[in-house]
Amino acid sequence: MWKTILRRILIMIPEVIILSILVFLLAKAMPGDPFTGSINPKADPQQIHHLMKINGLYDPWYQQYWHWVVHLFHGNLGNSYQYQEPVTRLISGRAANTLWLALFTMILTYAFALPMGVYAGRHEGKLPDTIIRFYTYVTYCIPFFVILVLGIWIFGYVFGWFPTTGSISSSASGWLSTIGSRFYHILLPGILGALFGTVNIVQYLRSEVIDAKSSDYVRTARSKGVPSKDIYRHHIFRNSLLPIAAFAGYSITGLLNGSIFTETVFSYPGMGLLFVNSISYRDYTVITALVLIYGILNLLGTLLSDIILSIVDPRIRIE
Amino acid sequence: MDKKKLALSAMAVLATVSLAACSSNKSSSSSSGTNASVKLASAYNNTKPTDKSATNNSTLKVAEPNDSPFQGISDPVLSTNSEDADVFSPSGSDSLWKVDKNYKIIDGGLANQKINRKAKTVTITLRSDAKWSNGSKVTAKDIEYPYEVIANPKTTSQQYSADFNHIKGMAAYHAGKAKTISGITFPDGEKGRTAVLHLDKVTPAMQYSGNSFIWSTVEPYEYIKNVPIAKLASSSQVRKNPIFTGPYKLDKVVEGESTTWSPNKYYYGKKAQIKHISINVVSSNNIDKAIQSKKYDFTVPASVMHGTDYKQLKNLKNYKMIGQPALSYDYFGFNVGHYDTKTQKNVMDKNSKMANKSLRQAMMYALNLDAVTKKFGNGITWRANTLIPPIFTKYYDASAKGFPLNIKKANKLLTDAGYKKRNGSKWRSDPNGKKLTIYFGAMTGTSAQAAEYQDYLQQWHKIGLNVQFTGGKTMEMNSFYSTLQQPKQSKIDVYAAAWGLSSEPTPTQLYGEDATYNMGHFVSKKNTQLINNMNNDKAWNESYRTKAFKEWQEYMNDQAAVAPGSFSYNWGPVNKRVKGFDVGPDNNEFWSSLSLTSSSLE
């Protein structure tokens, strides 16, 4: 097992290098540069050239790449052109925001979806199943941003129960009120995200439960006289979790992806908007840093999924 | 031109859907006209008495409509966008000058300026009670330090203007050849109150704030001197704990989200009345809902709100819509030449596709800008008649006709110039009988903009011109500008774009012979002459200068190489509990004039 993990990590090194070169080239291949379009009639175009020059943007790509790699090993991802501050600081601030929101959403999603999935599977074809299936289909087919806009309108503006912008109240001070305010700010987007993000888990779990119900080990358990409640809790549930475990690794590493929609509607400074904006601004340092981070996280995600799978299901343990 | 105006397609979709999803569509009833069909006042004249306890205890809540977090650079020398300027505006933005309604610098601000035409010097004298919000004195060095930051070879600032080279020693410092700027001196020492700028020429433009020769803000030298200039923008002195000279001091900034303010007891001017102010970024997708549910007192006066928002908000009982013509205009540019990189001058090309004046005029007369702006602008955008926006009341040529719809005239212009339909073709060919296809460059934006572009194409087709989008569709902003800014390009023949202006409107940097931003490359002796007239020796006389601006506007309209598209209001909703709200240029005490008439929003 450990050998496998080590081997997988070793293979990741060349993958990351290739990824970084590709990202670097593609970013530079986009039309424009960090300063196009920021044309202020009073600013001297020569100054823009000067800024391009001191930032090395006229150098050949391999030189730029080399500088970037050297800096990378010194823990320096460069400065954002748009924000004029170190990329590491910029990203860590946003990552913290995104992480809290995503973690909260994920926990809620599983908390809603797991019982729903099992319950629907157990009562296949009956009214509760129909209701749950109907619910998941409806939530699946409504575009998420519509939900967000409606949600913020109804609960944020009309009822005024939740804050409508930002990640923290400007009047929060002291650690208790800071944490409280942060939590209050992720409550509405988190609940909306969870309520409308259940479809995958519910559907997978439901069909697995239905399959498992008629499998041999369940029949054996029943014939032994194990109470139905225990069969579901100990036998069916655990086995039905397999497909969900398969993408759990991704869900964990995907926590940092952020959501453009949530962040736009709630003016919540997170990773999703940062990524999209950095692309439209041609903020090369931020683009490359983010893609690299996402790339590494994805590779780790697959590894993590494999590890989780092998823990849940000893039969497919990789050697 | 601000990158923030770039609407990502995802965002555009989001915006339209959000409006459709929860809007009570009331039909707009704006009347047409060559001027704005809606007349907005630049001040809200609230006659109710100020409520002392409300002003002391409740918080003035201000919204900054924007789709992404602000960048958080409080220093005007380093910041590059309007969001930062907006959220830090209660600080007074460290402005040196007091101005009148024409943005002319007058005595009584943080500093006074004296221009000596003989000696070619500008003397800037600080008022004796000028202090930073930490209590320390504003000094002569603080006047000079912005130039050091802007011109430092390692700076991140984009503000260096070519006109700074007229300050003696500036170019040498900028190139790293000198350690100090020799042309800026301190008669009574760095700690004194006076700085003198020695220039190789002085021009009438220097009398106006926002000119490109004299920087208009101060930097707290003592407070930031230990931070290397290259790292200034990321320092806590600029981001977390900045100090200012204006009516309010910063209490707290939540990065990208909000700022909170309280009165600065060291402020020299009118004392701030409201004790607490908070400014929050609000997504433009729900700014209308936020205002309708009375979450905010007003939106930051400098921010841009669109016509669709106006339609949503104009009938609110508790809010008054306040605005003034924006310091910007939309325009159509024609590509008539190229930029010679050797001589660093624009050259007009007599044989270029768009070189014919009649063709350009005809294309402008074919457009139905009155109808388009009426339909999509909801009254706060209207057809522009000239290239100086009406906010410059003195220079704006109200009598200019511009290009109202006149298909007949357009057809006649084309036919007379030899652009005829030949061999039964649907399209006109050029006077030599060659096929004529004109490429229209336009930036991808909102769905309303897309509809406007379609209308332009339709109108051009109507007069028999085969006009098509460059590359068959609208262009992403970066490719649009990188195409246009190439020294020589033939992909775009006509384009729609916009300029934001500073408060001094001399157009040298936009349409001058050596301007790299002159992206259509229109150059003529007369144009150079007319632009130079605005700032020659005679232009110290106000009426001469005004005449020079009007002559230039008339000439540009006749040539139609750059043609006016639309003007709009810079506006926002103001809650009726706010008193003293006035965005006019001559209100130099915007923030400290504000007070409240009740403790909760009306």
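## A helix crossing in chain A

In which hand of crossing does H1(A) pass H3(A)? The crossing is right-handed. Keep in mind as you look around that this is a predicted model.

Helix H1 covers residues 2–29 of chain A, and helix H3 covers residues 61–73 of chain A. Their axes come within 11 Å and cross at roughly 125°. That angle lies between 115 and 145 degrees, so H1(A) counts as oblique to H3(A).

## Where the two helices meet

If you would like to find the contact on screen, look in H1(A) for Ile21(A), Phe24(A), Leu25(A) and Lys28(A). On the H3(A) side, they meet Trp61(A), Tyr65(A) and Trp68(A). Sorted by class, this contact of H1(A) with H3(A) has six nonpolar residues, one charged residue and no polar ones.

## A covered strand in chain B

Now over to chain B, where strand E21 spans residues 494–500. E21(B) is mostly covered, with five of its seven residues buried.

## The partners of E21(B)

Strand E13 of chain B, residues 328–334, runs antiparallel to E21(B), and seven bridges join the two. Strand E19 of chain B, residues 437–441, pairs with E21(B) in the parallel sense, over two bridges.

Tyr495(B) is a handy place to see both pairings. Gly333(B) stands opposite Tyr495(B) in E21(B), and Gly441(B) also has Tyr495(B) as its bridge partner in E21(B).

Key. Residues numbered from 1 in each chain as written. Chains lettered and ligands numbered in written order. Predicted model: local features only at pLDDT ≥ 70, side-chain atom pairs only at ≥ 80, totals over all residues. Axes fitted to C-alpha atoms, helices over the stretch in contact; angles between N-to-C directions. Helix = DSSP H or I, 4+ residues; strand = E, 2+ residues; numbered from the N terminus. Parallel < 35°, antiparallel > 145°, perpendicular 65-115°, else oblique. Left-handed = near helix turned anticlockwise from the far one by under 90°. Contact = placed C-beta atoms within 7 Å. Nonpolar A, V, L, I, M, F, W, Y, C, P; charged D, E, K, R; others polar. Buried ≥ 20, exposed ≤ 12 C-beta atoms within 10 Å, placed from the backbone. Pairing = 2+ DSSP bridges.
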